[in-house]
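Reader: Please choose one part of this protein and examine its surroundings closely, then place that part within the chain as a whole. I should like the answer as one connected account that I can follow on the model.

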Amino acid sequence: MIRYSRYFMPTTKETPSDAEVVSHRLMLRGGFIRKVASGIYTYLPAGLRVLRKVERIIREEMDRAGAIEVLMPTVVPSELWKESGRWELYGKELLRFKDRSEREFCLGPTHEEVVTDLVRREIKSYRQLPLNLYQIQDKFRDEIRPRFGLMRGREFFMKDAYSFDADDVGAADSYRKMYDAYCRIFRRLGLESRAVEADTGSIGGSSSHEFMVIADSGEDAIVSCSGCVYAANVEKAECLPVAGPSGSAVGESRRVATPGKCTIEEVSAFLGIEPAAMIKTLLFDTDQGVVAVLVAGGYEINEIKVKNVLGAEWVRLAPEELVRELTGAPTGFAGPVGLSARILADHSVASIGAGVTGANERDAHLVDVVPGRDFVPSAYADLRSVAEGDRCPRCGGELRFSRGIEVGHVFRLGTKYSEKLAATFLDADGKEQPLVMGCYGIGVGRTAAAAIEQNHDGDGIVWPISIAPFEVYVIAVNVSHEGLAAECERVAEALSGKGYEVLYDDRIERPGIKFKDADLIGVPVRIVLGEKNFAEGFAELRDRKTGETERVALAEVVDRASALLEEKKKECAS
């Protein structure tokens, strides 16, 4: 039992002006965190209790899946990052510095290089595989715009695990074990989550899944099928080819004047055609040169898909000056006909029998343009973002859009890092082979914040019991009433003796303040003892999630509260 009067949990009525999302506001108001600098926070005692509970569940499931805990350094020498090629590629998020001897280091945002270096020194034979090492550690990424409290901070706690196998079959098995462990972790945390197919991003590798906590406030848009298990974020979601306007050209393509009209909406309205009959052309500057990417009007080009199809290190929209140099026209009038650049086309373009494109000339477009006749793409591919009306690429079912908060990510890395860092082993035939890797991360503080985004109401946090800072909140309405205070002590001690985590509010405060703090902090079960009820031999038992309150005899309140707590624990365990 913890007495509130002797605890450090400074709650506030005011909402900080820089707190943009619910979790940030409530964690500050509830006395869970305090800001030190932009994107850097101190965890106060209640916040640390939540953090440790998230960590405990993660550890239990990682151990259950066969992973072994280690602890790697936060400060990493530049040599390892240069060896993998990420020292420059990772960008400004990597906080670099020098020691007194002018040697370069960084604060580790992730530890693929460090763990690969460790394993290449120790693993020599296939008999030592498979191996999965994990840690829960403080990390730092110098975000350009840290915001949303723990959702996008610069310093954060993360669980990162790394698997090493002898071949792709073993790596797939390690990936499956981690995927299953993640499903159990988020279920035990009491969170509604979804595993979605995702892009591998700067980590790299062949495939990955993000674990999303479903919440309206989520930064990430995701799609899921109503008829099967398919789910993906919008960056990764596959798009089936769609039927477009068939149209047929009556002759050669011809130029038409479109004065001041450059957007899909403006040109289609001016010419009296459907946007789907237009062929949008965007120029991208890449490490492989300039590429023109085409998509049917009404759709958006997905830069990540373009990057992956090209196998490029980086892709960005061409600046205005480069567009003018290649097309002779300002942005908005580019087209593939006669363009001296590599052309990639989305599948949606192939369905256009005769379309409209930019004429590479100011205030002009071409009509009756036929793909394959007037221009020939070097390849057709899935290059657009999923849109309303698209069907599931697996079963053809309806795709539904929702929002989520990424709290975990699992990657199949293959040999990307092991080849660059020469992490090899001898197989059964004595031949040297690169280790096949996977990596698996969970944002610990971010998960706690996501739990609040998914579980709150107008009064405060509604913690799932598995990660609540306390399980029972006992309130003595009038602590100066000796008999009432003594009974509260008895109830709190009895529940504590049963193994429950009890916060006893023994402060000399007005009842309204105690009730508001109880709702704000979000403890799952509340027991209130006021003078009238005490005189009649009763207490109030309240479920924070449902808001249901029942009047329970003092002789039965401990057992009734225990039963309610066990029900809540079963909900998280199921």
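Author: Asn360 is found in the loop that joins strand S19 (355-358) to strand S20 (364-369); helices (H or I, at least four residues) and strands (E, at least two) are DSSP runs, numbered from the N terminus. The model is a predicted one, in which local features need pLDDT of at least 70 and side-chain atom pairs count only at pLDDT 80 or more, while totals for chains, interfaces and linings use all residues. Residues are numbered from 1 along each chain as its sequence is written, and side-chain values use heavy atoms, with hydrogens and water left out.

The backbone of Asn360 deserves attention, as its phi is near 55 degrees, a positive value in a residue other than glycine. Asn360 is also buried, with a relative accessible area of 15%; buried means under 20%, exposed over 50%, and partly exposed in between, with a 1.4 Å probe and protein chains only. Strand S20, at one end of this loop, holds another such residue: Asp368 is found in S20. The phi of Asp368 is near 60 degrees, again a positive value in a residue other than glycine, and Asp368 is buried at a relative accessible area of 15%.

A further backbone feature occurs elsewhere in the chain. The peptide bond from Leu129 to Pro130 is cis, with omega near 5 degrees. Pro130 belongs to the loop between helix H5 (112-122) and strand S8 (131-140).

Two buried residues in other strands show what surrounds such positions. Ser224 is part of strand S12 (residues 220-225) and counts as buried at 13% relative accessibility. Apart from neighbours within four places in sequence, Ser224 is in contact (heavy atoms within 4.5 Å) with Arg194, Tyr230, Ala231, Glu398, Leu399 and Arg400. Glu197, in strand S10 (residues 193-198), is buried with a relative accessible area of 18%. With neighbours within four places in sequence again set aside, the contacts of Glu197 are Ser208, His209, Tyr230, Ala231, Ala232, Asn233, Lys236, Glu238 and Arg394. Tyr230 and Ala231 therefore appear in the list for Ser224 and in the list for Glu197. As for a remote position, Glu197 and Ala535 are 338 residues apart in sequence and 59 Å apart in space, C-alpha to C-alpha.

The nonpolar interior comes next. In soluble globular proteins, nonpolar side chains tend to be buried together. A nonpolar core is a set of buried Ala, Val, Leu, Ile, Met, Phe, Trp, Tyr and Cys residues joined through side-chain atoms within 4.5 Å. The largest such core has 64 residues, and the members that touch the most others are Phe32, Tyr182, Phe186 and Trp463. H2 contributes the most to this core, namely seven residues. Tyr182 touches Met62, Lys159, Phe211, Gly408, His409, Val410, Tyr440, Gly441 and Ile442, residues up to four places away in sequence not being counted. Separate from this is a second core of 31 residues, with Leu294, Ala345, Ala364 and Ala381 among its members.

Helix H2 also packs against another helix. The axes of H2 (residues 45-64) and H12 (residues 444-454) come within 9 Å and cross at roughly 110 degrees; axes are lines fitted to C-alpha atoms, for helices over the stretch in contact, with angles from 0 to 180 degrees between N-to-C directions. H2 and H12 are therefore roughly perpendicular, a label for 65 to 115 degrees, with under 35 roughly parallel, over 145 roughly antiparallel and the rest oblique. From H2, Val50, Leu51, Val54, Glu55 and Ile58 make the contact; from H12, Val444, Gly445, Thr447 and Ala448 do so.

A second helix pair lies further along the sequence. H13 (residues 482-497) and H16 (residues 557-573) have axes that come within 10 Å and cross at roughly 45 degrees, which makes H13 oblique to H16. Here Arg490, Val491, Ala494 and Leu495 in H13 meet Val557, Val558, Ala561 and Ser562 in H16.

The whole chain frames these details. It has 16 helices and 32 strands, and its C-alpha trace spans about 95 × 65 × 50 Å along the principal axes. Of the 574 residues, 52% count as buried, Asn360 being one of the buried residues. Among contacts between residues at least 6 apart in sequence, 69% join residues at least 24 apart.
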